[in-house]
Amino acid sequence: MKPRTAEILREFGPFPEVDAVHGVGFDGRRVWFASGDRVNALDPDSGEIVDAVEVPAHAGTTFDGAHLFQIAEAVIRKIDPRTGKVLATIPAPGGGGDSGLAWAEGSLWVGQYRERKIHQVDPDTGAILRTIDSDRFVTGVTWIDGELWHATSQADASDIRRIDHRSGAVLDRIDMPAGIGVSGLDSDGGGRFFCGGGTSGKLRVVRRPA
Amino acid sequence: MDSLVTAAARSLALGDPLGALNRVALREDPAALALRGIAMAQLGDLPRARELLRRAARAFGAREPVARARCLVAQAEIALVSRDLAEPMRALGTARAVLEAHGDRANAAHAGYLEARCLLLIGRLDEAGRVLDSIDADALPPVSRPGAWLVAAGIAMRRIEAEPARAALDRAARAARRIAVPALVAEVERAAQAFEAPAARLHARGEGRLLLLGDVEAVLASDMLVVDACRNLVHAGDKVVPLSSRPVLFALARALALAWPGDVSREELLIQAFRARQADESHRGRLRVEIGRLRAELGPLAELHATEGGFLLQPRGDGASVGLLLPPHEEEHAALLALLADGEAWSSSALALALGVSARTVQRALEALAAAGKADCFGRGRACRWTARQVPGFPTSLLLPAALPVG
């Protein structure tokens, strides 16, 4: 595996009243990103924020095709994105040490930042089904076409990596330029990653290797 | 950064340290330790805050240099607020370099502001000015800006430059109003009031009047020979003779300036300079020696003429007069304050030597001045140093505004 350097295709933000971008999730049209006390919906073509749901939003964000899931403090909330209504709440597996969030194959996948772990979680009960170890602090988590990707941050450097979901072995790695961190992570299922920029307040589009 | 740390950091940024503690109180990882430390500092428990931040810095270690440097800056700020000034001086420069190298401009600028503030407090004005000039002003967090302008004002006030001081105070006031923190607005107002208050008293030709800082500047810029008992030096035009380490010579100069244009009798000079009650031959011999030394020191500024009864100070230059600049109010321990007012950091033993009194006497006087808020000490034991607090105080309510961990 030969690491490559991230190619940043586009940058959005910083946005008014957004101190930091935490979780990032894509619903097929819009990029939802968590900014503390709300989840914002950004049109990635126009760069405009077109909608928002007011709900505590401190870490990972994802979309299961119909609902938003959002981590805040030590819980994961299931939200109707049209009404903003909270439909269910489950405990987060890291007890508040949680970072990234992804939906795939009927499960939630939750990064536990400092423990360097990714948990597969039952979305109805919050029960941990299994755990994958990483060797770096885990920020964003996403699944694309059966591939598990996650973003890392450690020693003030950041990368996006594809790992074997059984062994945790790193299969592919994209290094972020110096000084650019990745908080939340999702993709459009095609050639683009959407990356939260933490306290820079930015959202970046990074080319996904073919 | 994880979910609860994010939530706790948001609480801190919104001025809710208890909310932050509620979220991370039981956690021992370094990010949580750092947030707990900052929250404890905001709640006023500085020893506990210092301990938590020290543990956080150690746990971050060399593998997380930026997070560690932020903890060091926060520790330095606590030490500065506690007037334990040797410690921040050691840590700030290094931490600032690490933050700059990793692109954390806001915290690097904040570290630079703290370093300048520290240098001003220990009287290293040139270095304080250089560090202040080197700060990336655009990156400075808004809550640090009023303090940075107060440092600029303090430097100008110590250098007796009234207009730059006034301009810096105006900018401090604007910066404080912009972020609308009442404690900070009040702090800047206190500094402005100190600036508007008389800075000195000028005694010339038998009359005294109070001077604002700008008047002091004008007097020093005039052709008057000024014996400055606020800083223990003699000043004429652009010539300055410092006498803060020569207390006997300064006492003679002061007595001669007070009497000008008259002369001063030998007996009076002996009483002023040696505290002699009656003059004997050995005193007269010593007076001759000291007058000779003063004549040599003041050579470029003034002549010393022997008169029938004593001595007369005669400034060089046609029409030049003599004035004596005194602190605005007669107060206890004035001689001690006058020595400290040179802006240098003094050891108590050096002060005792300069004043010709015992170390114990100086120590008692220093403790009284510190209790009255007129003097500050830093360092411990033999390394302890004293400075006068004649410049604006500094905001302490805004401890650690920019030290939040980021993901």
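The following paragraphs lead through a predicted model of two chains, A and B, beginning with their interface and moving on to sheets, hairpins and unusual backbone positions.

The contact between the two chains draws on 23 residues from chain A and 18 residues from chain B. The area buried between chain B and chain A comes to about 1,600 Å², and carbon and sulfur atoms give 50% of that area. On the chain B side, the residues that lose the most area to chain A are Met1(B), Ser3(B) and Arg10(B), which together account for 32% of what that side buries.

Arg10(B) also appears among the charged pairs of this interface, since it forms a salt bridge with Asp37(A) in which the closest N and O atoms are 3.4 Å apart. Between chain B and chain A the count of salt bridges is 3, and the count of residue pairs in polar contact, with both residues at pLDDT 80 or more, is 8. Two helices of chain B, α1 (3–13) and α5 (65–81), each supply at least two residues of the side that touches chain A, and α1(B) gives the most to that side, with 5 residues. Sorted by class, the side of chain B that touches chain A has 8 nonpolar, 3 polar and 7 charged residues.

Turning to the sheets, one may begin with chain A, where 4 strands form an open sheet in the order β7-β8-β9-β10, with antiparallel pairing. Which strands stand at the edges of this sheet? They are β7 (61–63) and β10 (86–91) of chain A, and because each has a single partner strand, one side of each is left without a neighbour in the sheet. Neighbouring strands of this sheet are turned against each other by 20° on average, with direction ignored. The edge strand β7(A) pairs with β8(A), residues 68–72, in the antiparallel sense over 3 bridges, and within this part of the sheet Phe63(A) stands opposite Leu68(A). In a regular strand, side chains alternate between the two faces of the sheet. The loop that runs between β8 and β9 (75–79) of chain A holds Glu73(A), a residue other than glycine whose phi is nonetheless positive, near 45°.

Chain B has an open sheet of 3 strands in the order β6-β8-β7, and here too the pairing is antiparallel. Its edge strands are β6 (264–265) and β7 (302–306) of chain B, each of which pairs on one side only. Between β7(B) and β8(B), residues 310–315, the antiparallel pairing extends over 5 bridges, and Ala306(B) stands opposite Phe311(B) of β8(B). Helix α13 of chain B, residues 247–259, packs on this sheet and touches β6, β7 and β8 of chain B, while its direction makes about 75° with that of β8(B). The loop between this helix and β6(B) is where Pro261(B) is found, and the peptide bond that joins Trp260(B) to Pro261(B) is cis, with omega about 5°.

A cis peptide bond is found in chain A as well, from Gly13(A) to Pro14(A), with omega near 0°. Pro14(A) has its place in the loop between β2 (8–12) and β3 (24–26) of chain A.

Two hairpins, one in each chain, complete the tour. In chain A, strands β13 (residues 117–121) and β14 (residues 128–133) pair in the antiparallel sense over 5 bridges, and Gln120(A) has Arg130(A) of β14(A) as its bridge partner. The hairpin that β13(A) and β14(A) form has 6 residues between the strands, and Gly126(A) in the turn has a positive phi of about 85°. In chain B, strands β10 (residues 375–378) and β11 (residues 385–388) pair in the antiparallel sense over 4 bridges, with Ala375(B) standing opposite Ala388(B) of β11(B). The hairpin of β10(B) and β11(B) has 6 residues between its strands, and within this hairpin Gly379(B) takes a positive phi near 80°.

How values were computed:
Residues numbered from 1 in each chain as written. Chains lettered and ligands numbered in written order. Predicted model: local features only at pLDDT ≥ 70, side-chain atom pairs only at ≥ 80, totals over all residues. Heavy atoms only, no water. Contact = heavy atoms within 4.5 Å. Buried area = accessible area lost by both parts, 1.4 Å probe. Salt bridge = Lys/Arg side-chain N within 4 Å of Asp/Glu carboxyl O. Polar contact = N/O pair within 3.5 Å; in protein donor to acceptor, adjacent residues only side chain to side chain. Nonpolar A, V, L, I, M, F, W, Y, C, P; charged D, E, K, R; others polar. Pairing = 2+ DSSP bridges. Axes fitted to C-alpha atoms, helices over the stretch in contact; angles between N-to-C directions.
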